[in-house]
Amino acid sequence: MKKLFSNPRSLALLGLMLAITIILDMTPLGMIPLGTISATIVQIPTIITGVILGPVAGLIMGTSFGIITLIHAATRPVTVLDPLFINPLISVLPRMFIGVASYYVFIGISKLFKKSPVKNTVSAFIGGIAGSLTNTGLVFLMLYLVYAKEVVEKLGMAFGAFLIAVFTTNAIAEAIISGIITTPIALAYYRFSKTANNGK
């Protein structure tokens, strides 16, 4: 943590990712139309932060993302489930682990491919997917633990059916898009960092 806050480049990137998250949340840019569904990409700055800057930065960014989600639910509810996200157990707690999971999956895959030239590419892609699925999975877990009855009443369908519907549509699309977008950004950052360090 001390290293994070003493590094101007890391702090600047953390601030940039937070600004991008706010912009994505407040504008239509945060949604990508995919035919009959729309995939949200608001979680991607948190994923990128975790992969690039590590678990502490990922935790900070995820917590910030969760607070933004809570404010969105309180001030600009769109779906019937949005009022449930005023509860920080639903909006904040699951988001806290997005960047953390992304980082550790990235590191784990990097070790498996340590001698491969595509190590960072594969690791960043899978890390991006893992972060997105962590977000979706933990949100659903908390919804089930805290508001299962309310979700069933509001949607008029079984919680299991709702879970399957989301995971077979939005969740998969969001995970793949997260991996695709995370990969080139992470690779560019590592390439830049390597060049900058070699120039010292």
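**Exercise 1.** Compare the expected span of helix α4 with the distance between its end C-alpha atoms.

*Solution.* Helices here are DSSP runs of H or I with at least four residues, numbered from the N terminus. The expected span is 1.5 Å times one less than the number of residues, so the 21 residues of α4 should cover 30 Å. The end C-alpha atoms of α4 lie 30 Å apart, which agrees with that expectation. The model is a predicted one, in which local features need pLDDT of at least 70 and side-chain atom pairs count only at pLDDT 80 or more, whereas totals for chains, interfaces and linings use all residues. Residues are numbered from 1 along each chain as its sequence is written, and side-chain values use heavy atoms, with hydrogens and water left out.

**Exercise 2.** Determine whether G58 and H72 are buried or exposed, and list what each touches.

*Solution.* Buried means under 20% relative accessible area and exposed over 50%, with partly exposed in between, for a 1.4 Å probe and protein chains only. G58, which is placed in helix α4, has 0% relative accessibility and therefore counts as buried. H72, also found in helix α4, is buried because its relative accessible area is 17%. For contacts (heavy atoms within 4.5 Å), residues up to four places away in sequence are not counted, and G58 then touches T46, T49, G50, M96, G99 and V100. With neighbours within four places left aside, H72 is in contact with D25, P77 and V78. In addition, G58 and I98 are 40 residues apart in sequence, yet their C-alpha atoms are 7.1 Å apart in space.

**Exercise 3.** Describe how the largest nonpolar core is made up.

*Solution.* A nonpolar core is a set of buried Ala, Val, Leu, Ile, Met, Phe, Trp, Tyr and Cys residues joined through side-chain atoms within 4.5 Å. The largest one has 24 residues, and L13, I52 and L53 have the most contacts inside it. At least two residues each come from α2 (8-26), α3 (44-53), α4 (55-75), α6 (98-112) and α9 (170-198), with the largest share, 6 residues, supplied by α3.

**Exercise 4.** Characterise the packing of α7 against α8.

*Solution.* Helix α7 (residues 119-155) and helix α8 (residues 159-167) pack at an angle of about 145°, with their axes 9 Å apart; axes are lines fitted to C-alpha atoms over the stretch in contact, and angles run from 0 to 180 degrees between N-to-C directions. Among the residues that meet are F140 and L143 in α7 and F162 and L163 in α8.
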